[in-house]
Structures are given as structure tokens and as C-alpha cells.
Amino acid sequence: MEDHSGHNMPDHSGHNMPGMCKTNMIFNWQIEDTCVVFEWWHIKGPFTFIISCVGVALIAAFYEWLRAYSNCIEYKWKEAAFLAAAARDEQEEQHEERTALFYHHQLSRKREGIKSIYYAILVAISFWLMLVFMTYNGYLMMAVVLGAGLGHFFFGNGWLSASRSIQCH
């Protein structure tokens with residue numbers, strides 16, 4: 001080992017590093033110097049912590065709204081397809097059937113694209129909420145759970161079941 005006793009190094013023991021994010025790998029109730037997923041979302045005091053908890057809860061509630069909305073759209077699309085099939089007359093000409101089938105195929109591809117976009121957004125939000133949960137901060141964890149529960153209560157309206165598997169939160 002090299003001897004550094006001859007070097008004049010300033011003593012930093014009396015200095016606190018200002019505004020550093022503190023990360024914990026154990027359950028905690030820390031308020032100040034908590035960062036919510038991103039370094040720029042740095043909580044420096046009780047007021048910003050409350051605002052952050054409300055924001056996290058709103059994002060979790062939005063996740064539930066989007067989940068319910070995508071289920072509602074999917075149900076309406078299936079219902080419309082069923083009604084259209086039931087209304088078709090068996091005596092249609094062959095040309096009209098091909099045109100209707102081609103239109104249905106185009107519409108189905110567009111709908112699948114929209115459903116895929118909703119799904120990707122849901123996955124992104126759920127992973128982000130998982131990362132918030134992984135701060136191991138009790139307050140932020142409660143904000144995720146409370147937001148998801150309130151979102152399910154207010155936006156579920158029969159479109160969501162509690163037994164349905166959820167992405168990450």
C-alpha cells in the first residue's frame with residue numbers, strides 16, 4: 001500500500017454535501033433528499049414530498065383509468081363486430097362480402113395498433129410505478145397503493161376486476 005501521509009488533503013468531515021439524493025435498499029420513512037426515480041425529481045423538504053406523493057398517487061390512478069378505458073374500448077369493438085356480423089344478410093353478393101371483409105381487416109389492424117399503443121403505455125407506467133415502489137419509501141409506497149385503489153374504485157365501473165393480473169404494481 002502506498003503511504004499518503006505526506007499529502008495535504010483538506011478535511012471534509014464538517015461539510016455536508018448539499019442536495020444529494022439518498023437511496024435506500026431497506027424500508028424507510030425518509031422525507032428529505034429523496035429522489036423519485038429521476039435525479040431531477042429531488043425532494044428537498046416536506047412540502048415537495050407531499051406534492052410528490054400526490055403526483056405519484058395521481059399517476060397510479062391514471063394507470064387504472066387507462067386500463068379501464070382500454071378494456072371499455074375493446075369491449076365496444078367486440079360488441080360492434082358481433083352486431084355487424086348478426087346484421088349481415090346471408091343473401092349478400094360475393095363482391096359485397098369481399099369488400100366488407102377487406103374493410104373489416106383494415107379496421108381490425110387499426111384497432112390492434114391502437115390496443116398495442118395502450119398496452120405499451122400501460123407497461124411503461126407500471127414499470128415506472130414499480131421503480132417508485134423500489135425506493136422502499138413507505139410514504140411513496142402508500143401513494144402508489146392508494147392511487148391504484150382509488151383509481152380502481154372511481155374508474156373501474158365494472159370494466160376492471162380485482163382478480164385480473166396487473167403489470168408491476
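Visitor: How many disulfides does the count come to in this chain?
Guide: Good place to start, and keep in mind that this is a predicted model. The rule asks for a pair of cysteine sulfur atoms within 2.5 Å. Cys21 and Cys35 satisfy it, with S to S at 1.6 Å. The count by this rule is one disulfide.

Visitor: Which handedness does the link of Cys21 and Cys35 have?
Guide: The pair links distant parts of the chain, Cys21 in the segment before strand S1 (34-35) and Cys35 in strand S1, 14 residues apart. About the S-S bond the angle is -50 degrees, and that makes the link left-handed.

Visitor: Is Cys21 buried, partly exposed or exposed?
Guide: Buried means under 20% relative accessible area and exposed means over 50%. Cys35, at 13%, is buried. Cys21 has 28% relative accessibility, so it counts as partly exposed.

Visitor: And Cys53 and Cys72, which class does each fall in, buried or exposed?
Guide: The cut-off for buried is under 20% relative accessible area. Cys53 comes out at 14%, and Cys72 at 13%. Cys53 therefore counts as buried, and Cys72 is likewise buried.

Visitor: Let's move to the helices. What pattern does the chain follow along the sequence?
Guide: The chain has three helices and two strands. Reading along the sequence gives the order β-β-α-α-α.

Visitor: Which element of the chain has the highest mean pLDDT?
Guide: For the chain, the mean pLDDT is 80, and 70% of its residues reach 70 or more. Over residues 11-16 the pLDDT is below 50, and this stretch has zero contacts in the model beyond near neighbours in sequence. Among the elements, helix H2 (residues 94-133) has the lowest mean, 79, while the highest, 96, belongs to H3.

Visitor: What share of the contacts between residues at least 6 apart joins residues at least 24 apart?
Guide: The chain has 169 residues, of which 28% count as buried. Among contacts between residues at least 6 apart in sequence, those joining residues at least 24 apart make up 70%.

Visitor: How much area does the chain expose?
Guide: Carbon and sulfur atoms supply 63% of the exposed area. The total that the chain exposes is about 12,500 Å².

Visitor: Which element gives the largest share of the nonpolar patch?
Guide: The surface patch is formed by Phe62, Trp65, Tyr69, Leu146, Leu150, Phe153, Phe154 and Phe155, with about 810 Å² of accessible area together. Two elements give two or more residues each, H1 and helix H3 (138-155). The largest share, five residues, comes from H3.

Visitor: Why can Phe62 count as partly exposed?
Guide: Phe62 sits in helix H1 (residues 46-87). Its C-alpha atom is separated by 9.5 Å from that of His152, 90 residues apart along the chain. The partly exposed class lies between 20% and 50% relative accessible area. Phe62 falls there because its relative accessible area is 39%.

Visitor: How many salt bridges does a search of the whole structure find?
Guide: One of them pairs Arg67 with Glu64, the closest N and O atoms being 3.1 Å apart. Another brings together the side chains of Glu74 and Lys115 at 3.5 Å, N to O. Glu112 also meets Lys115, at 3.2 Å. The search finds three salt bridges.

Visitor: What separates Arg67 and Glu64 along helix H1?
Guide: Both partners are buried, Arg67 as well as Glu64. They lie three residues apart in helix H1, so the separation is about one helical turn.

Visitor: Which helices hold Glu74 and Lys115?
Guide: Glu74 has a relative accessible area of 25% and is partly exposed; Lys115 also counts as partly exposed, at 27%. Their salt bridge has an N to O distance of 3.5 Å. The pair links distant parts of the chain, 41 residues apart, with Glu74 in helix H1 and Lys115 in helix H2.

Visitor: Which residues do salt bridges that share partners join into one network?
Guide: Glu112 and Lys115 are three residues apart in helix H2, which means a separation of about one helical turn. Glu112 is partly exposed, at 42% relative accessibility. Through shared partners, the salt bridges join into one network Glu74, Glu112 and Lys115.

Methods. Residues are numbered from 1 along each chain as its sequence is written. Side-chain values use heavy atoms; hydrogens and water are left out. Helices (H or I, at least four residues) and strands (E, at least two) are DSSP runs, numbered from the N terminus. Buried means under 20% relative accessible area, exposed over 50%, partly exposed in between (1.4 Å probe, protein chains only). Patches are made of residues with over 30% relative accessible area and no salt bridge: like charges are joined within 9 Å, nonpolar side chains (Val, Leu, Ile, Met, Phe, Trp, Tyr) within 5 Å. Accessible areas come from the Shrake-Rupley method with a 1.4 Å probe; for residues, only the protein chains shown count as cover. A salt bridge is a side-chain nitrogen of Lys or Arg within 4 Å of a carboxyl oxygen of Asp or Glu. pLDDT is the predictor's confidence in each residue, from 0 to 100. Contact means heavy atoms within 4.5 Å.
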